[in-house]
4 protein chains.
Amino acid sequence: MVIVMAAGATASDIQAIVSVVQSAGGEAFVSRGVSRIIIGLVGDVDRFATLNLVGMRGVANVTRISAKFKLVSREHHSQRSSVRVGEVSIGPDTVTLIAGPCAVETPEQTLLAARMAQAAGATLLRGGAFKPRTSPYAFQGLGERGLRILAEVREETGLPIVTEVVGAHDVDMVASYADMLQVGTRNMQNFPLLQAVGSAGKPVMLKRGMNATIEEWLMAAEYIAQRGNLDIVLCERGIRTFETATRNTLDISAVPVAQRLSHLPVVVDPSHSGGRRDLVLPLSRAAIVAGADGLIVDVHPDPDIALCDGPQALVAEDLHVLARTLEDLAGFMGRRLSTQRELLAG
Amino acid sequence: MVIVMAAGATASDIQAIVSVVQSAGGEAFVSRGVSRIIIGLVGDVDRFATLNLVGMRGVANVTRISAKFKLVSREHHSQRSSVRVGEVSIGPDTVTLIAGPCAVETPEQTLLAARMAQAAGATLLRGGAFKPRTSPYAFQGLGERGLRILAEVREETGLPIVTEVVGAHDVDMVASYADMLQVGTRNMQNFPLLQAVGSAGKPVMLKRGMNATIEEWLMAAEYIAQRGNLDIVLCERGIRTFETATRNTLDISAVPVAQRLSHLPVVVDPSHSGGRRDLVLPLSRAAIVAGADGLIVDVHPDPDIALCDGPQALVAEDLHVLARTLEDLAGFMGRRLSTQRELLAG
Amino acid sequence: MVIVMAAGATASDIQAIVSVVQSAGGEAFVSRGVSRIIIGLVGDVDRFATLNLVGMRGVANVTRISAKFKLVSREHHSQRSSVRVGEVSIGPDTVTLIAGPCAVETPEQTLLAARMAQAAGATLLRGGAFKPRTSPYAFQGLGERGLRILAEVREETGLPIVTEVVGAHDVDMVASYADMLQVGTRNMQNFPLLQAVGSAGKPVMLKRGMNATIEEWLMAAEYIAQRGNLDIVLCERGIRTFETATRNTLDISAVPVAQRLSHLPVVVDPSHSGGRRDLVLPLSRAAIVAGADGLIVDVHPDPDIALCDGPQALVAEDLHVLARTLEDLAGFMGRRLSTQRELLAG
Amino acid sequence: MVIVMAAGATASDIQAIVSVVQSAGGEAFVSRGVSRIIIGLVGDVDRFATLNLVGMRGVANVTRISAKFKLVSREHHSQRSSVRVGEVSIGPDTVTLIAGPCAVETPEQTLLAARMAQAAGATLLRGGAFKPRTSPYAFQGLGERGLRILAEVREETGLPIVTEVVGAHDVDMVASYADMLQVGTRNMQNFPLLQAVGSAGKPVMLKRGMNATIEEWLMAAEYIAQRGNLDIVLCERGIRTFETATRNTLDISAVPVAQRLSHLPVVVDPSHSGGRRDLVLPLSRAAIVAGADGLIVDVHPDPDIALCDGPQALVAEDLHVLARTLEDLAGFMGRRLSTQRELLAG
């Protein structure tokens, strides 16, 4: 921690800070400049943070230096992690394709979408039973009935399920069906939910809040990790900017930046980023070569009648192009496409 | 609803849309321009919204015209509403001051802050027992113990309590102590929470999401209203922009804009907007003359040792200046300061 | 300047920095923490800035402490400044109303608008002869012919003229007509233009860039000041955010923040901020009580046929309401409305 | 153009609009819905735009349908264009690498950087002689002396020169040295400059404003095109958002979006987007597979002593990795790396 003193700070202001820091068990080193004085603190930063140093007389600003997140930080864990969902791996050696319908609507639509996804190389099935929607008049998902449909489709296809949970009170119920719990963009700072999924014993996909900094995203992951669950996959899905040509602005830089700061895998959602089918393929390619550990894409057997986000869902032909592309680019990046039974085979 | 056709749209593309709309019980009016064709739809817009018209061949874009929110809209409810919390009114005739500590820390600190608030004309006591914090290593609030402290302070002072609830599962418990439930900025789109507070039988203060448009904010209010609760007060608390000199950017225009779109009262939080004590007074003045129905401000008997947001908390002297200012500006706006017993007196 | 060293920095990394700083005539003070080392520099910060310290081995980050702007800073000039335009003052004692048409269209329209402005208490006439427009197909202004119209209207009314200049090559010509040169939002970082108006011998109104931080705005003012011209008035006119209900988001906090950092006067443009006539009055009130030293508003005798920004122009009735409001709120703020002949009278 | 009428619009309001449109030589088609009336206009949209329809009684909003840009639009020019700079092509068949120092500092540094660039496959040399800098105390470039250095280095290496021009008055002088004129992010809406480069007879690289929408960017290109110059290359260089981990946020989606809307080539600047050397390579890969027609990157023989943007400049080793990568990914995208003498050879 570094304290910069204001222009008019007095000797007694400085002494007061030194005393407060010492009484909190720390040490304070004073450096005097021509027009400014800075004080470097050594000791328990979390304890210093409770001292409200910034409010003391003569203080211009206080900068915290040590990392704000510890468990998910790469600082003390330099090797990048893999997360297993069923027998599927998400991590630095593979490119994992997660695909499925934005919303579970019927058993038939879900199974068709899952077959499409599987034919194209997807090894995990995404599908929403609880849909957080901006308007209360929009389709809100089938709820637990949707989860039962997903479980049946898993039986048929063998694809593990990734599905969203929207409230702490639902975590146990959703976890009884799901292989991986998804926390959506609107819930990235729903802290009771983060704590609940941290205790649920299932891997978690944490979407970045549409207005969250990368640091806040990693702090949200830290909430999950703190409850003992380090099986966390970060998902970049676009941030909100002034640009209106796309639904959100995919922050492609967030992939390498998050991977440098954290050991957790990072996947990209090209469907929600752009909100347009014609952007899914270019954004998917970009994501893989930026270093993403996987993709999560919307597919639908008939997007024209989709109850949710039809305009961005891929159809079968698109998916085959995507699959071939991913295979090529995974190779280029020194990775392989993740397979459904890789752990058994391995 | 208006459909604009793409440049190359064919007669059969148009006929297909007309047929789909008619089969949904609506009517479609086709207007042909030199280079474009537009189709106006009449009928059940919510049903049209399920047709995925934007995905049909030849469609360039689809614009929804009728309001997306109904219950909270001013379109069919032109008179502005008042909301009562205990015996205190928030609405178009008054300026209501809500004040208290950001976080409940101890019975003494809370009572002192409440006395400060009351002496300065506040008629509602704010105070957080559940604190959503970006870092899992920051103080998270006292939980139910904090609510009991608030209830005791209400006994002492007579001030009704406004306090935050952070999860749907906690709503009944928090409602058993609180006079008004606050939904915080990070939870503006926590839909299970919105629905739960909509059913809780207590008035609600809905803070704007730090990245939410005004339309999304009103849609979130519509979620609460849909469960039968129209006692909603909107709270503007700053949005996230590229500017870093302030914690958030107070969107002062949101006050008149939201009041034109909705009949609900709108209050402003000048403390969290700026994140700086020196901005609370100018932003408070600006809020009142922009038409805000009240203010919610952080106060603390000793901000230097506050566990949360000390740098923005007002101290006693500030509060007296604020109180005199509000009285003058309320008069200027043709309002009166709300009083603690106004309903009894009235 | 403070250097924070990375976790693995070695003794020789540190020694290298100390040597580089010393060879640049500075001193470096090393403070060692448990997990980090910081180095405080004393000396010529501008020279340090050329050393690329951040690129040296072992450096995590470098923070500059001393102010980036000097001439416009309040740090060494604690009294707030007034700027005179003709006989009119803009500064801490007054509220100055600047009004006029967005664009000069005809002599009649300009004179009518000026009479409207004057009747309502405006003491400076704004009007654009050079209009920077997003589309090359939109009306671009009358150019020098517009300036001649403005000069004639000044003859008739006695109102000094504020008008925009859009290129360095035009500064002398525009300055030969104008009493105050306006630099628009799109040109806030047009550095040759800033330097040219800095040498033109006329006061300058510097609009904030719609995406500029307050710090960048003050740096742009510093460019003008560096050429010897300190008669600069800052104008907050809204920033670009994700909100679409308003044309821009008025950053009301920028008024007190800029006034704390700089001694220059700050005025607000409520017309371009909101882009809506119905917001001009509430935003004007907010601006004055936030401490603005004046307002600049669009007026038009017949907005329905305005060639530019008609939807935000005030008409005569609005202006009278605005004028009475300003008088009341100026008094509330301990100021008086600026008058056209105040300097003669004073 | 489509006009949506407000809820209470009367028959005479509608008739007034129909009359105004007809008197402007257009036709108006009225469609009546249950709660709304819409009017579709056919005729000269630019003329309609001068009618201020949005200000007429009873109008809720007006939407313009036909494209706002014509000359640079892909609507009437479906084949993507190539732009030639000297003998080098930028367009849909190639990937063109533009590299060089951010700022020209000395003849030696510039020649070394050019040699580095050339060895790595760059076919155009970038280098700034006029540097727009946020602070007036930062290095502002060598001016015309820098241009002479660039011309000498072109003599030595055969690399055509891309260099920035910052004012309309300088265009002829800069064009007398440069092979391609660059308009920087801060000048994207410097309309006199756009018009001047439109008349200068040299190809132009137009950087996106850091806060500009894609539509505004294309409108800025239209300003250049309107003066008769269609040799325009668009350059995405990152936009300003709330994220602070990167200098700007590279809007990777802007590449395919701009290419769908316009026939002009689009290149990406990965150096200024991220502002960090470690992001240049991943962002470069992402740009190519998103469909970019080229890259423009900062290189420096010794970034530690660079006078401008050293932290983002590539050094020799980086450049070789980049070159190999581009070759592979160009092939993957069905393109070839552009060569220095391709037009002679072809």
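**Notebook: one threonine, one methionine, two interfaces**

**Entry 1: A:T157.** I began with the neighbours of A:T157: leaving out residues up to four places away in sequence, A:T157 touches A:L111, A:A114, A:R115, A:Q118 and A:Q340. Contact here means heavy atoms within 4.5 Å.

A note to myself on the ground rules: this is a predicted model, in which local features need pLDDT of at least 70, side-chain atom pairs count only at pLDDT 80 or more, and totals for chains, interfaces and linings use all residues. Residues are numbered from 1 along each chain as its sequence is written, chains are lettered from A and ligands numbered from 1 in the order in which they are written, and side-chain values use heavy atoms, with hydrogens and water left out.

Back to the threonine. I found A:T157 in helix α4 of chain A, which covers residues 144-157. Helices (H or I, at least four residues) and strands (E, at least two) are DSSP runs, numbered from the N terminus. Is A:T157 buried or exposed? It counts as buried, because its relative accessibility is 9%. The classes I used are buried for under 20% relative accessible area, exposed for over 50%, and partly exposed in between (1.4 Å probe, protein chains only). I also looked up where the side chain goes: that of A:T157 reaches the backbone oxygen of A:V153 at 2.7 Å.

**Entry 2: C:M173.** Next I moved to chain C, where C:M173 lies in helix α5, residues 171-175. With a relative accessible area of 23%, C:M173 is partly exposed. Setting aside neighbours within four places in sequence, I listed C:F130, C:E144 and C:L147 as its contacts. I checked C:L147 further: it is 26 residues from C:M173 along the chain, and their C-alpha atoms are separated by 9.5 Å.

**Entry 3: chain A with chain B.** Now the interfaces. How many residues does each chain bring to the contact of A and B? Chain A gives 39 residues and chain B gives 39 residues. The area buried between them is about 3,400 Å², and carbon and sulfur atoms give 51% of it. Buried area is the accessible area (1.4 Å probe) that two parts lose on being put together, summed over both.

I then looked for charges that pair up, and the rule finds 2 salt bridges between chain A and chain B. A salt bridge is a side-chain nitrogen of Lys or Arg within 4 Å of a carboxyl oxygen of Asp or Glu. The side chains of A:R240 and B:E216 form a salt bridge, at 2.6 Å from N to O. I noted 16 residue pairs in polar contact across this interface, both residues at pLDDT 80 or more. A polar contact is a pair of N or O atoms within 3.5 Å; within protein, one must be able to donate a hydrogen and the other to accept it, and residues adjacent in sequence count only if both atoms are side-chain atoms.

On the side of chain A that touches chain B, α6 (191-198) and α7 (214-226) each supply at least two residues. The largest share, 5 residues, comes from α7(A). I sorted this side into 17 nonpolar, 13 polar and 9 charged residues. In that sorting, Ala, Val, Leu, Ile, Met, Phe, Trp, Tyr, Cys and Pro count as nonpolar, Asp, Glu, Lys and Arg as charged, and the others, Gly among them, as polar.

I laid chain A on chain B: a turn of 180 degrees and a shift of 0.0 Å along the axis give an RMSD of 0.0 Å. The two copies are therefore related as by a two-fold rotation axis. Copies are superposed by least squares on the C-alpha atoms of residues with pLDDT of at least 70 in both.

**Entry 4: chain D with chain A.** This contact takes 35 residues from each of chain D and chain A. Its buried area is about 2,800 Å², with 71% from carbon and sulfur atoms. Which three residues of chain D supply more of its buried area than any other three? They are D:F242, D:E243 and D:F332, with 20% of the area that chain D buries against chain A.

Here the rule finds 4 salt bridges. A:R260 and D:D278 meet in a salt bridge, at 2.8 Å from N to O. I noted 8 residue pairs in polar contact, both residues at pLDDT 80 or more. The largest share of chain D's side, 7 residues, comes from α10(D).
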